[in-house]
Amino acid sequence: WDLKGRALGRPVWDLLGGPARKEIPCYATGNDTDWHMELGFTATKLACPFGPVDGADGLARNAELVARTRDLIGPKVGLMLDCWMAMDVDYTVRLAETLRPSGLRWIEDYLWPEDMLGYAEVRKRLPWQMLASGEHWYSLNTFAQAIAGRTVDLFQPDIHWSGGLTACLKLAHMAEAAGIPVALHAGMNTAYGQHLTYAMPNMPLGELFIGTDPGIPLEQVAGLPGTPVPVGGMLVPSDRPGFGLEIDLDWIERMRAG
């Protein structure tokens with residue numbers, strides 16, 4: 001994709017059909033919520049710190065964290081919860097019911113990724129809660145099973161782990177036909193995810209994983225040179241040819257030496 005774009009003098013998002021929106025609304029992932037709000041994000045996602053092994057006390061502490069965060073950001077900012085494969089069916093249901101007053105936009109990755117029967121059971125028991133998954137689903141076949149069972153409301157493939165841009169493009173078309181939106185896992189951390197998200201009508205928002213301390217500019221979160229970062233919670237991919245990356249031998253040498 002990058003080579004074709006450079007050869008034709010066109011950005012990859014243009015090769016994919018052109019922009020589906022003027023800019024990409026982004027949400028920040030991490031538990032430094034006050035910093036996310038300072039940066040202008042209008043949605044944020046927490047990492048859930050406690051699971052079934054922590055019992056009733058852990059459940060209460062999860063509820064305290066989410067309620068405290070909702071109080072901090074107010075009712076209009078989107079709030080999501082990442083459970084990172086740590087729950088079982090019963091705990092997921094109890095957790096969602098407990099957190100219902102906080103108005104979570106979605107709960108994600110709550111079960112072991114291969115537990116498709118568990119996903120179906122959670123869907124049945126939580127018809128009111130938006131559910132998301134797919135970060136650890138690595139083939140189109142798995143997503144096809146989820147489409148057939150309508151087990152989740154939002155797909156979250158990782159563009160690096162699920163076969164690259166071409167595979168995720170196929171998935172986006174499959175999901176669009178089924179009426180399921182897609183938000184790439186950490187899609188705004190790479191130019192690859194940015195270009196695909198910008199061009200796909202059913203990719204309505206992008207995730208930026210913030211792995212640095214508060215106060216550090218987002219430019220230092222970006223990986224490869226030439227990768228844009230959100231401004232005020234919105235992002236526009238590079239319009240340079242290909243993915244717009246600016247990697248040269250000097251940069252490679254600096255990275256190798258570091």
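**Notebook: salt bridges, helix H4 and strand S3**

Arg 10 has a relative accessible area of 32%, so I entered this residue as partly exposed. I note at the outset that the model I am reading is a predicted one.

**Entry 1. Charged pairs**

I looked up the partner of Arg 10 and found a salt bridge to Asp 14, with the closest N and O atoms 2.9 Å apart. Asp 14 is partly exposed as well, because its relative accessible area is 27%. I kept in mind that side chains of opposite charge can pair when their charged atoms come close.

I then turned to Asp 2, which forms a salt bridge with Arg 6; here the closest N and O atoms are 2.8 Å apart. Both residues belong to helix H1 (residues 2–8), where they stand four residues apart, about one turn of the helix. I recorded 25% relative accessibility for Asp 2, which therefore counts as partly exposed. Arg 6, at 41%, also counts as partly exposed.

Next I examined Asp 90 and Arg 125, whose side chains meet in a salt bridge of 2.8 Å, N to O. Asp 90 is in helix H5 and Arg 125 is in helix H6 (residues 116–125), so this pair ties together parts that are 35 residues apart in sequence. Asp 90 counts as partly exposed because its relative accessibility is 46%. For Arg 125 I noted a relative accessible area of 34%, so this residue is partly exposed too.

A search of the whole structure gave me ten salt bridges. I also found a network of salt bridges that links Lys 45, Glu 108 and Glu 207.

**Entry 2. Helix H4**

I read off H4 as residues 55–73, a helix of 19 residues. From its first C-alpha to its last it reaches 28 Å, close to the 27 Å expected at 1.5 Å a residue.

Which residues of H4 are buried? I listed Gly 58, Leu 59, Asn 62, Ala 63, Leu 65, Val 66, Thr 69, Arg 70 and Ile 73. They cover an arc of only 160 degrees around the axis, which means that they lie on the same side of H4. On the face turned away from that buried side I found the exposed residues Ala 56, Arg 68, Asp 71 and Leu 72.

Against what do the buried residues of H4 pack? I identified helix H3 (33–38), strand S2 (43–47), strand S3 (78–82) and helix H5 (89–99). Gly 74 follows H4, and I noted that its phi is positive, near 85 degrees.

**Entry 3. Strand S3 and its neighbours**

I checked how far S3 is covered and found that five of its five residues are buried. In a regular strand the side chains alternate between the two faces of the sheet. I therefore sorted the residues of S3 by face: Gly 78, Met 80 and Asp 82 are on one side, Leu 79 and Leu 81 are on the other, and all are buried.

S3 runs parallel to S2, and five bridges join the two strands. I took one pair as an example: Thr 44 has Leu 79 of S3 as its bridge partner. Together, S2, H4 and S3 make a right-handed β-α-β unit.

How many bridges join S3 to strand S4 (residues 106–108)? I counted three, and these strands also run parallel. Asp 82 has Glu 108 as its bridge partner in S4. S3, H5 and S4 make a right-handed β-α-β unit.

Technical notes. Residues are numbered from 1 along each chain as its sequence is written. This is a predicted model: local features need pLDDT of at least 70, side-chain atom pairs count only at pLDDT 80 or more; totals for chains, interfaces and linings use all residues. Side-chain values use heavy atoms; hydrogens and water are left out. The expected span of a helix is 1.5 Å times one less than its number of residues. Buried means under 20% relative accessible area, exposed over 50%, partly exposed in between (1.4 Å probe, protein chains only). The arc is that of the directions from the helix axis to the C-beta atoms. Contact means heavy atoms within 4.5 Å. Two strands pair if DSSP finds at least two bridges between them. A crossover is right-handed if, with the strands pointing away from the viewer, the path from the first strand over the helix to the second runs clockwise. A salt bridge is a side-chain nitrogen of Lys or Arg within 4 Å of a carboxyl oxygen of Asp or Glu.
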